Amino acid sequence: MRSKVAQRILDKISPDVEIFVRLYSDIVVRVNELIEEKGWTQKELAEKMGKKPSEINRWLRGEYNFTLRSIAKLEAELGEPILAVYTNKEEKNNGTISTISGTQEIEA
C-alpha cells in the first residue's frame, strides 16, 4: 500500500514521463539481458563500441539519454534487436515488427 504522499506525487506525473520511464527501463533491461547472455561486462561492451566504460554505465543507470544512434550501435554490437516498432496495424496483427536491425517475426 502506498502512502498518501507517494500517491499524490505519482498522480502528478504526466503520461509522457510515465511512458519515457517505461521505455527507458525496458531498453536498460534488454541491454543488460543481452550483455549477460553474451557473458560480457559493461567494460567489454564499451571497448567493442569504442566508448568509455563510464558512458555505458551512465546509459544503464539512466544518467544519460539514449539516442537512436546509440541504440542502433548497441543493436549492431549486441547482434539482437533492442527496440521494436509496429509500422502498421497489419504487422501488429501478423506478429511482425520492424526493428532498427530489420523486420522480425514475434510470438503473438
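Helices here are DSSP runs of H or I with at least four residues, and strands are DSSP runs of E with at least two, both numbered from the N terminus. By that count, this predicted model holds 6 helices and 3 strands, and the elements follow one another from the N terminus in the order α-α-α-α-α-β-α-β-β. Of the 108 residues in the protein, 25% are buried, and among the contacts with a separation of 6 or more, 41% join residues that lie 24 or more positions apart.

**Packing of α2 and α5**

- Two packed helices are described by the angle between their axes and the distance between the axes.
- For helix α2, which spans residues 15-38, and helix α5, which spans residues 68-78, the axes come within 11 Å and cross at roughly 20°; because angles under 35 degrees count as roughly parallel, α2 is roughly parallel to α5.
- The crossing in which α2 passes α5 is left-handed, and the residues that make the contact are I27, V31, L34, I35 and K38 on the α2 side, with I71, L74 and L78 on the α5 side.
- Sorted by character, the residues of this contact between α2 and α5 comprise 7 nonpolar and 1 charged, with no polar residue.

**Packing of α3 and α4**

- Helix α3 covers residues 42-49 and helix α4 covers residues 53-61; their axes come within 8 Å and cross at roughly 115°.
- In this pair α3 passes α4 in a right-handed crossing, with Q42, K43, L45, A46 and M49 of α3 meeting P53, I56, N57, W59 and L60 of α4.
- The residues of the contact between α3 and α4 divide into 7 nonpolar, 2 polar and 1 charged.

**The buried side of α4 and the residue after it**

- Which residues of helix α4 are buried? They are E55, I56, W59 and L60, and because they cover an arc of only 130° around the axis, they lie on the same side of α4.
- The buried residues of α4 pack against three helices, namely α2, α3 and α5, and I56, W59 and L60 also appear among the α4 residues that make the contact with α3.
- Helix α4 is followed by G62, a residue with a positive phi near 85°.

Key
Residues are numbered from 1 along each chain as its sequence is written. This is a predicted model: local features need pLDDT of at least 70, side-chain atom pairs count only at pLDDT 80 or more; totals for chains, interfaces and linings use all residues. Side-chain values use heavy atoms; hydrogens and water are left out. Axes are lines fitted to C-alpha atoms, for helices over the stretch in contact, and angles run from 0 to 180 degrees between N-to-C directions. Angles under 35 degrees count as roughly parallel, over 145 as roughly antiparallel, 65 to 115 as roughly perpendicular and the rest as oblique. A crossing is left-handed if the near helix is turned anticlockwise from the far one by less than a right angle, and right-handed if clockwise. Contact means heavy atoms within 4.5 Å. Ala, Val, Leu, Ile, Met, Phe, Trp, Tyr, Cys and Pro count as nonpolar, Asp, Glu, Lys and Arg as charged, and the others, Gly among them, as polar. Buried means under 20% relative accessible area, exposed over 50%, partly exposed in between (1.4 Å probe, protein chains only). The arc is that of the directions from the helix axis to the C-beta atoms.
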